[in-house]
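Colleague: Could you take me closely through one part of this model, the paired strands together with the helix that joins them and whatever surrounds that helix? I would like one connected account.

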Amino acid sequence: MNTYPAKISESYKISLQNYLNGEGESALRVAYELGRRSITEEMSSVNLVATHQEALLHILKETPASENSSRLIQASWQFLLESLSPFEMTIRGYRETLNTLQISEERYRRLIDTARDVIFSLSPQGNIRSLNPVFEDLTGFARSQWLGKSFESRIHPDDLNFSRLIFQRILRGETPPAFELRIEAKSGEYLTGEFTTAPQFEEGEVIGAFGIARDVTERRHAQEQMRSLAKRVVNAQEEERRRLARELHDDLCQWLSGMKLSLNLLEENLPGPRTLRKTLRALKEEVNGKIGDIRRLAVSLRPSALDDFGLVVALSRLSEDCERLHKIAITFQANGPVLEHYHHEVETALYRITQEGLSNMGKHSRASRGKVSISHVGTSVTLDIEDDGIGFDKTKLEQQRIPGQGLGFVSMNERTMLLGGAFRVDSRQNGGTKIHVAIPMESYSQ
Ligand SMILES: Nc1ncnc2c1ncn2[C@@H]1O[C@H](COP(=O)(O)OP(=O)(O)OP(=O)(O)O)[C@@H](O)[C@H]1O
Ligand SMILES: [Mg+2]
């Protein structure tokens, strides 16, 4: 026995003796305290009973024969019970904790079993360790068909590399931001899941991953429908513009040109006074001016340069027009193998965005220099429009926005988004303005 339990046995013997000598309550308090100390010293209740037995035997040996030993044995019983009571309380507490743990584990399990999202865990090899029941309702597979299998088996081929990269990050102990993956259901249909995942640690080591996946298939579907509807609206607008442009050009312009010829004839054959001729000439110039205006309007309504000469020429013409009209020195650049034509939706969007960007430059920037560049980098077409003008404060602009006014940026952004691209505006007061558009070409190869 080590020294401290020896000390306890000694104290036990003395206090038991005191109790038997009639010390009563105070000796019992010591018995309780000794029981408590035994627990902190990690002694078992058996140790304590043995200590009791030893102390009692010792006391009985020292007791004069005249003393009634059975009375002493009987009395010491109470002392032993008191010293054991801390053990009893500890066991009771332990039982309660166990019970609470069982209840909370049951609750936790029920939560997982009734959750509407899939809750899963993976081994470090990427095999599925656990899945909750909703998985079966969503995918149509029995859980047993997936447990132990690699998580990769039913992921859409296009999402596979991405999912592997994410899993490697988790194995390195990182918690990636939420992401989406397409999973093939038993029916062959792909479901879109929004995943939130994290590493599972044990003693500082990653021992796997766990995560929650929410079925967002319907939400994505609705978004796609909205997108296609918006696209149809944009296309219908473009079509309407073309029709208007054709009308203006073919009808009104022709009519005015005819009128100009008639005025010419009238001027040549007019015998009357000079003042009348002068008025007629002024009238002719006005008609001429209007023809120019209508032509320009028709051109801006319908980017015919796009159809006739392709994207690069059309954008460089827009830049030249802006330079002439607003007296801003604009350089135009086409970098890399920019094609003459892209899908008509892409071309129209890039044309309209440049048109609006340059119109803003002319209206708002007070710039002396500007630049428009288009590049074909990898699988994206990018467009940059920049100026060295007065710029603007983006947050102020957001706050002060009056509904229905200032739709240029909104429309540029929407056109880009509809093509799955990225739109960014960088501007600072007196720091110029930069617009960057990138449109992925994967789905628009012509
Ligand atoms: N190149 C620029 N330089 C300085 N300020 C700009 C520039 N482009 C846009 N802005 C600022 O951003 C605001 C919003 O531009 P946006 O094109 O959205 O609307 P708008 O040009 O005012 O109106 P709309 O385009 O509908 O005719 C402008 O009013 C202007 O204050
Ligand atoms: Mg504008």
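**The crossover unit and its surroundings**

Modeller: Isoleucine 330 stands opposite glycine 370 in E7, and that pair is a convenient place to begin, bearing in mind that the model is predicted. The two strands concerned are E6, which covers residues 329-335, and E7, which covers residues 369-377, and they run in the parallel sense, paired over 7 bridges. Together with helix H11, residues 344-365, these strands make a β-α-β unit, and its hand is left-handed.

From there one can turn to leucine 318, which belongs to helix H10, residues 311-326. Setting aside residues up to four places away in sequence, leucine 318 touches Thr354, Gln355 and Leu358. Leucine 318 counts as buried because it has 22 C-beta neighbours inside 10 Å, where 20 or more are required. By contrast, threonine 175, which is 143 residues apart from leucine 318 along the chain, has its C-alpha atom 47 Å from that of leucine 318.

Helix H11 also leads to the ligand. Ligand 1 is surrounded by 16 residues, of which the closest are Asn360, His364, Ser365, Gly406 and Gly408. Two elements, H11 and helix H13 (408-418), give two or more residues to this shell, and H11 gives the most, with 5 residues. Sorted by class, the shell around ligand 1 holds 8 polar, 6 nonpolar and 2 charged residues. H11 is therefore, by the count of 5 residues, the element that gives the most to the shell around ligand 1, as well as a part of the left-handed unit with E6 and E7.

Terms used: Residues are numbered from 1 along each chain as its sequence is written. Chains are lettered from A and ligands numbered from 1 in the order in which they are written. This is a predicted model: local features need pLDDT of at least 70, side-chain atom pairs count only at pLDDT 80 or more; totals for chains, interfaces and linings use all residues. Two strands pair if DSSP finds at least two bridges between them. Helices (H or I, at least four residues) and strands (E, at least two) are DSSP runs, numbered from the N terminus. A crossover is right-handed if, with the strands pointing away from the viewer, the path from the first strand over the helix to the second runs clockwise. A residue is buried if 20 or more other C-beta atoms lie within 10 Å of its own, exposed if 12 or fewer, and partly exposed in between; C-beta atoms are placed from the backbone. Two residues are in contact if their C-beta atoms, placed from the backbone, lie within 7 Å. A residue is near a molecule or strand if its C-beta atom, placed from the backbone, lies within 6 Å of it. Ala, Val, Leu, Ile, Met, Phe, Trp, Tyr, Cys and Pro count as nonpolar, Asp, Glu, Lys and Arg as charged, and the others, Gly among them, as polar.
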